[in-house]
Every structure is written in C-alpha cells, then in structure tokens.
Amino acid sequence: MNASAEIAVTGIGLVTAAGVGVPDTWRRLCEGTSTAAPDPGLTGLPVPFACRVPAAPVKAAAPGLAWRADPFISFAVAAAREAVTDAGLDQDAWDAPRVAVVIGVGGTTHDHSPATCTAMDKGRFQAIPPTLVPRSAPNMAAGYVGMLLSAQGPTFCTSTACASGATAIGTAALLLRAGMCDIAIAGGSESASPVTSAAFWRMGALSTRTHDPAGASRPFDSERDGFVLGEGAGVLVLERASHARARRARPYALLTGYGATGDAYHATAPHPEGVGAQRAVRAALADAGLSPQDIDHVNAHATSTTLNDRVEARALHGVFGTPPPVTATKSVLGHSLGAAGAIEAAVSALTLRHQLIHPTANLDQPETGIDLDVVTKVPRPQRMRAVATTSFGFGGQNAALVFQGC
C-alpha cells in the first residue's frame, strides 16, 4: 500500500459484556476471565446463559433510544460516540457531508418475533407496533449513528453474518481510499435475544455447558462444545493518515490491509481446508504489502466450535507455516456475531498500542492436532509491528484485516 492510502485508526469505542467503554473491556480481556453468566432473559431455554451487555450504562450512553430502537442500535450509538470523542472530533465542527458511517449487523434481533407471530396468527394486526421495522432493520444502526452524530456522508450497513463488522471496517477503508469521505465511523453491532439463542442451540452451535457458564467458551480446547452467545458493538474512527496528521491526531494504529473472499461451499460449514479463509488473509497481506513473516500476532475468529477452530487452525498453518502467537477474544466476551469482527479489530489496534496480547480464557488442554501458540493465562508482552485479525461468516463469507503500528 502506498503512503497516501494508509488509513489511521484515531478513535475506538466498545460496548461489550465487560462494560461500556474501552477501559472496561481491555481490563477484562487482560484478566483473561469469561464474562459468560446465567441470563434471566434466557430462563427456561436450553442454554440459559450468555455474555450480555449491562443495560444501565448503555441507557446512559445512548439516552432516549430504548423505546424506539432495538438494543443493537443503542450499542452502535454508544460505541460511536465514544470513538468520536476519543478521536478528538467535534460533530458540530466537522464537514458533515464528508463523514461516512458503515456499521455491520449480522441480522435482526428477533426480539419482537414471538409477539408479532402471535398477533399475526390471531389476526390482531393492530397489535403489531408501527415502529417494528425502523426499530429492528439492520441498516438502522448506521442510520441512527448518522442522525445522532450529524454524519451525512455515505451511510449504510454491511451484512456478512459473523464477518459483518470486519467487512464494514474494510469497506470504510475503501471509501476513504476512493476519496468518497474524509472520516469514516465504522464497526459492527449486534444484540442477542431468546430466539437467537434457541435458533443457534437448535443448530448445535451453542455450548451447553450449563453447569459452568464461565468455562463454556474455550476456543481450541479439547473440551470445547460450541460458542457462547454474546452481544455488543465495536466502532473505529478511520481517516486517511494524511488527514489525521493534519489535525495532529494520535492514531492507535494504521489499517493497511483488507481481504474478503467467499467459500462458495456451504451455508453454515466452512470449507474443510479453510481455502477461502486462507485467501482472505493472503489478500489482506497483499493489500498491506506484507509477507506472512511480517505478522507478529493473529487475533483469531476462534468461535469455540469444534469444526471452525480446527479449520481456522488449518488455515493459519496454510498461510503462515508456523503461525505467530494467537489469541481468542471470544473466549472472554462470547460470540457477538455481526459485532465480533469490529470488536476484534478494535482489540487488535489496542494490542498494537499496548504491545500486549491478551490471554485466551479457558484453554486448559489444546485439542490434539491444533498446533498453535495460543496466549493463555496471563497477558503476553511482545514487540509487534503488524497484527492480523480474521472473521468468518455463514455462507462462507470471509474477511481479514491487517493493522500496523504507527
């Protein structure tokens, strides 16, 4: 990548089960303990635990939204406000038509599906809320961020399942490179619901470790049995590096590589050799002008499902030969679906800033055949020049991002 196309990460906002705000999430990640806990909202379901975002801090950070918008919209607004403030930007002073918003969302929350279906079945159409569509449509996360932050540039949603957040960040970088905006507010958001939990349980994708919720998300471990449902949002403020320098912003990192591919293989299973995943990582490396040996760390997709972890390990060996140290953010925060890629991108930028890799929780005995250097138990200080993060979604939709130190 030539210098004029370098994209700077100048602001970060996070809403996760660890709390609202970057400090709470980074602290919990470095502690290396899971946020999974019994969830009163899931009582009576086959899997009654999850990694849920605390409601009160979100209400304070995004006031006035709860009655008219589903939680994923409030998450996105709260994270975007933190990121913009962190970047030192003033929404009242910026050139609003030159500010883009790209927020990835994996799907609707289904919060209202049971009541809506009951009303439809009984012919009680007046019981269907008139706000149903605008409060739950995936594009409304970007819509509300644009409205509430006065961002009037390109504003849209990306939806590539569990790669949605990474896809949004990569797409925002392309907008900046094309000169279609000067600032991009980009990330991902997703909220969990009982229907979401039941649907993933029915697929056999969720951990059923009901006796030990905090030990349930255990990527690469021999006793893993599925992922833990999470929720949240991650938002980055992106600018061309020249734009950031001109206003003397201090970037966390440079986003230098983006790769996206499709498996064209199966609706829910990855290609067994991770061919599409490998191509996405190689494309991101090529975009960054780096070789595999230049990458010092990988923040892996690492869902804690039996199949996906095996395939990802195979893909990393295929790209790197001997992969660099790996960590799994989902072991602490659960799998926040469309938000996960953006949260992990934010964590990757923080990893470069702090030169510290957070540990993977619950990895006690790596599965035989998964030969990765996974950081466990305690954070690992390490000199890092470049890190990669991977995201893979249903439909075989893959995305990879490369960040470099400034």
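Against which elements do the buried residues of helix 10 pack? In this predicted model, the buried residues of helix 10 pack against strand 9 (253-262), helix 11 (306-320), strand 14 (386-393) and strand 15 (397-404). The residues concerned are G276, A277, Q278, A280, V281, A284, L285 and A288. An α-helix has 3.6 residues a turn, so residues three or four places apart point the same way.

The length of helix 10 can be checked against its geometry. The helix comprises 14 residues, 275-288, which at 1.5 Å a residue should span 20 Å. Its end C-alpha atoms lie 20 Å apart, and therefore the expected span and the model agree. Just after helix 10, G289 adopts a positive phi of about 70 degrees.

Positive phi values also occur at two residues that are not glycines. The first to be considered here is S150, with a phi of about 55 degrees. S150 is placed in the loop that lies between helix 6 (140-149) and strand 6 (155-158). Is S150 buried, exposed or partly exposed? Because its relative accessibility is 29%, and the partly exposed class lies between the limits of 20% and 50%, S150 counts as partly exposed.

The other residue is F220, whose phi is positive at about 70 degrees although F220 is not a glycine. F220 is found in the loop between helix 8 (194-203) and strand 8 (232-240). The relative accessible area of F220 is 1%. A residue counts as buried under 20%, and F220 is therefore buried.

Technical notes
Residues are numbered from 1 along each chain as its sequence is written. This is a predicted model: local features need pLDDT of at least 70, side-chain atom pairs count only at pLDDT 80 or more; totals for chains, interfaces and linings use all residues. Side-chain values use heavy atoms; hydrogens and water are left out. Helices (H or I, at least four residues) and strands (E, at least two) are DSSP runs, numbered from the N terminus. The expected span of a helix is 1.5 Å times one less than its number of residues. Buried means under 20% relative accessible area, exposed over 50%, partly exposed in between (1.4 Å probe, protein chains only). Contact means heavy atoms within 4.5 Å.
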